[in-house]
Amino acid sequence: MSEQSAVRAEYRIEDLAHHSGATVRTIRAYQDRGLLPRPERRGRANVYGDSHLARLRQIADLLDRGYTLASIKELLDAWDTGRGLGGVLGLVAEVQGPWTDEEAARISRAELDARFGGDPDEDAVREAVELGVLERIPGREAEEYLVPSPQELTVAVELHAAGVPLSAITGHLRELREQVEHIASRFLEFTTEHVFARYLEHRPPTDSDAAEAATMVRRLRPLAQQTVDAELARAMRILATRHLQIHLSPEGPPPRDDEPRPVPIPADTIRAVQALVGPEAVAAFLTAAAEREVNKRTLDTLTLNAINSPTVQ
């Protein structure tokens, strides 16, 4: 070992901030929370070492993984007491890894416009970025995007080619995403209750429990998608068949909620009207009678409101 490498690195707090990417204020806050060991005191100066730098990088990594400072404190305490973080970090990496074999792709703005008919649509691109269907790639001379799910983009292209407006596609995706997130949440609650609860008895879990839980995540990872695929196929077969039968029936599709619905009239009433006004005038008579009833109810309502009004003496 060379003499230079044997010398332990030492940092002032400003130097430690520079090397770690944290601010001086953040470093002091971590010390106050017990996340970072106190520096060595030399006279009137505080001296930090490589262990402080490594700890700051650990904290930054855990924050990037979504941990709170309180949970990081528990993990680091476990590390310091010799229980280890290898299994826990392996579990975190397994959960945060890709849940699909699909690989992201890149697409230029020119190619994107061409796939959607050649007409640039800034609002549609903005919405796609908001939804994460597209991710902007900065620092490129030509406008370019990362496509996390090429399959999802292909679906949008096919729907648009079939005549679906882009605004309807993005609206449908927002609604679908909310429903799928609910399904994912229920699957996580279900597996946590029946599978993972035993691994979470200790906080943080022991190294062996965390490693075993990571293995279980790998086993169960494809089950969520397989279940949804099977149930979606079943539902589409049933509902699409029913939908087609309705639209191919002689009566035609049922009226929409905003369309007037036919009101059945008893046969005896029809015969009585025919005897009164003749067969040719039945429709006109029923229309007039309906309008008269509507007008009467409107007048009754207005009169009642006027009587109950405090301005009427």
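**Close-up views of a predicted model**

E130 is exposed in this predicted model, its relative accessible area being 53%, which puts the residue over the 50% that marks an exposed position.

**View 1. The salt bridge between E130 and R174 joins two helices.** The closest N and O atoms of E130 and R174 are 3.4 Å apart. Because E130 belongs to helix α8 (residues 122–131) and R174 to helix α10 (residues 166–196), this pair ties together parts of the model that are 44 residues apart in sequence. R174, at 36% relative accessibility, counts as partly exposed, whereas E130 is exposed.

**View 2. A salt bridge within helix α10 pairs E189 with R186.** Here the closest N and O atoms are 2.7 Å apart, and the two residues are separated by three positions, about one turn of the helix. Both partners are partly exposed, E189 with a relative accessibility of 44% and R186 with a relative accessible area of 43%. Elsewhere, R109, D113, E122, R136 and E143 are joined into one network by salt bridges that share partners.

**View 3. D32 and R38 form a salt bridge between two exposed residues.** The closest N and O atoms of D32 and R38 lie 3.5 Å apart, and each of the two residues is exposed. This pair can be read against the whole structure, in which a search finds 14 salt bridges.

**View 4. Helix α11 bends at R219.** This helix, made up of residues 207–248, has 42 residues and reaches 62 Å from its first C-alpha to its last, close to the 62 Å expected at 1.5 Å a residue. The bend at R219 is about 35°, and a proline, P222, follows within four residues. The buried residues of α11 are D209, A210, A213, A214, M216, V217, L220 and R221, so each of these has under 20% relative accessible area.

**View 5. Three strands form an open sheet in the order β1-β3-β2.** The pairing in this sheet is antiparallel. Because β1 (10–11) and β2 (40–42) stand at the edges, each with a single partner strand, one side of each is left without a neighbour in the sheet. Between β1 and strand β3 (residues 45–49), the antiparallel pairing extends over two bridges, and the bridge partner of Y11 in β3 is Y48.

Notes
Residues are numbered from 1 along each chain as its sequence is written. This is a predicted model: local features need pLDDT of at least 70, side-chain atom pairs count only at pLDDT 80 or more; totals for chains, interfaces and linings use all residues. Side-chain values use heavy atoms; hydrogens and water are left out. The expected span of a helix is 1.5 Å times one less than its number of residues. The bend at a residue is the angle between axes fitted to the seven residues ending there and the seven starting there. Buried means under 20% relative accessible area, exposed over 50%, partly exposed in between (1.4 Å probe, protein chains only). A salt bridge is a side-chain nitrogen of Lys or Arg within 4 Å of a carboxyl oxygen of Asp or Glu. Two strands pair if DSSP finds at least two bridges between them.
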